[in-house]
Amino acid sequence: MAEPVLRKGSTDPAVRDLQEALKALSYDPGPIDGNFGATTETAVKAFQQARGITGDGIVGNVTWINIDEADQSEPVLTIGSSGLPVRRAQKRMSLVGYDVGGVDGRYGPQTQVAVKKLQQQHSVAVDGIVGPQTWSVIDALENEGPIVS
């Protein structure tokens with residue numbers, strides 16, 4: 001499931017996710033209110049320019065990928081975790097065929113099922129918790145092709 005294209009004037013629920021991500025990356029999107037206004041647009045443009053991508057203020061696939069990859073922290077993730085690290089794990093897992101229930105930055109039951117499947121297939125303790133061993137598998141996923149279930 002691809003993220004929506006967001007631009008000034010957007011009020012999609014993903015705008016709040018975008019604003020939280022920008023704030024976590026030290027770009028000030030203004031209030032985290034789900035309204036893509038001028039301050040959010042300025043933050044998006046600054047982020048895009050810093051990453052060397054077209055600074056048009058429109059958040060499409062390339063900008064989402066850059067947002068997901070900008071944060072390289074690897075906190076322990078469990079049910080209820082949220083934020084950029086969850087988005088990055090979900091994105092990498094979904095790109096190789098794990099059904100995480102969408103890339104939304106929220107670690108829910110469907111993401112947990114996908115994590116357990118990944119853990120089982122990669123001989124990591126199957127506990128549904130993304131810790132150091134599971135992160136190393138997730139980080140290696142970007143070099144793999146789609147899985148065969």
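## A first look at helices H1, H2 and H5

In helix H5, the buried residues are Thr111, Ala114, Val115, Leu118 and Gln119. Around the helix axis these residues take up an arc of only 140°, which puts them on the same side of H5. Keep in mind that this is a predicted model. Below is a quick tour of H5, then the pair H1 and H2, and finally two buried residues.

**Helix H5**

- H5 runs over residues 109-121, so to speak a stretch of 13 residues. From its first C-alpha to its last it reaches 19 Å, close to the 18 Å expected at 1.5 Å a residue.
- What covers the buried residues of H5? Helix H4 (84-95) and helix H6 (132-141) are included in that cover.
- Flip to the face turned away from the buried side of H5, and you meet the exposed residues Pro109, Val113 and Gln120.
- Just after H5 comes serine 123, with a positive phi of about 55°.

**Helix H2**

- H2 has 14 residues, which should span 20 Å at 1.5 Å a residue; the end C-alpha atoms of H2 are 20 Å apart, which agrees.
- Which residues of H2 are buried? They are Thr40, Glu41, Ala43, Val44, Phe47 and Gln48.
- These buried residues cover an arc of only 160° around the axis, and that puts them on the same side of H2.
- Their packing partners are H1 and helix H3 (61-70).
- On the face of H2 turned away from its buried side sit the exposed residues Thr42, Gln49 and Ala50.
- Glycine 52 follows H2, and the phi of glycine 52 is positive, near 75°.

**Helix H1**

- The buried residues here are Ala14, Val15, Asp17, Leu18, Gln19, Ala21 and Leu22.
- They pack against three helices, namely H2, H3 and H4.
- Just after H1, serine 26 has a positive phi of about 70°.

**How H1 and H2 meet**

- Two packed helices are described by the angle between their axes and the distance between the axes.
- For H1 (residues 14-24) and H2 (residues 38-51), the axes come within 11 Å and cross at roughly 55°.
- H1 and H2 are therefore oblique to each other.
- Their crossing is left-handed. On the H1 side, the contact is made by Leu18, Gln19 and Leu22. On the H2 side, Thr40, Ala43, Val44 and Phe47 make it.
- Leu18, Gln19 and Leu22 also turn up among the buried residues of H1, just as Thr40, Ala43, Val44 and Phe47 do among those of H2.

**Two buried residues to look up**

- Where is glycine 105? You'll find glycine 105 in the loop between H4 and H5.
- Is glycine 105 buried or exposed? With 5% relative accessibility, glycine 105 counts as buried, because the cut-off for that is under 20%.
- Glycine 105 and glycine 83 are 22 residues apart along the chain, yet their C-alpha atoms are separated by 4.9 Å.
- Leaving aside neighbours within four places in sequence, glycine 105 is in contact with Ser81, Ser82, Gly83, Val86, Arg87 and Gln90.
- Aspartate 17 lies in helix H1. At 12% relative accessibility, aspartate 17 counts as buried too.
- Which residues does aspartate 17 touch, not counting those up to four places away in sequence? The answer is Asp104 and Arg106.

Conventions. Residues are numbered from 1 along each chain as its sequence is written. This is a predicted model: local features need pLDDT of at least 70, side-chain atom pairs count only at pLDDT 80 or more; totals for chains, interfaces and linings use all residues. Side-chain values use heavy atoms; hydrogens and water are left out. Helices (H or I, at least four residues) and strands (E, at least two) are DSSP runs, numbered from the N terminus. The expected span of a helix is 1.5 Å times one less than its number of residues. Buried means under 20% relative accessible area, exposed over 50%, partly exposed in between (1.4 Å probe, protein chains only). The arc is that of the directions from the helix axis to the C-beta atoms. Contact means heavy atoms within 4.5 Å. Axes are lines fitted to C-alpha atoms, for helices over the stretch in contact, and angles run from 0 to 180 degrees between N-to-C directions. Angles under 35 degrees count as roughly parallel, over 145 as roughly antiparallel, 65 to 115 as roughly perpendicular and the rest as oblique. A crossing is left-handed if the near helix is turned anticlockwise from the far one by less than a right angle, and right-handed if clockwise.
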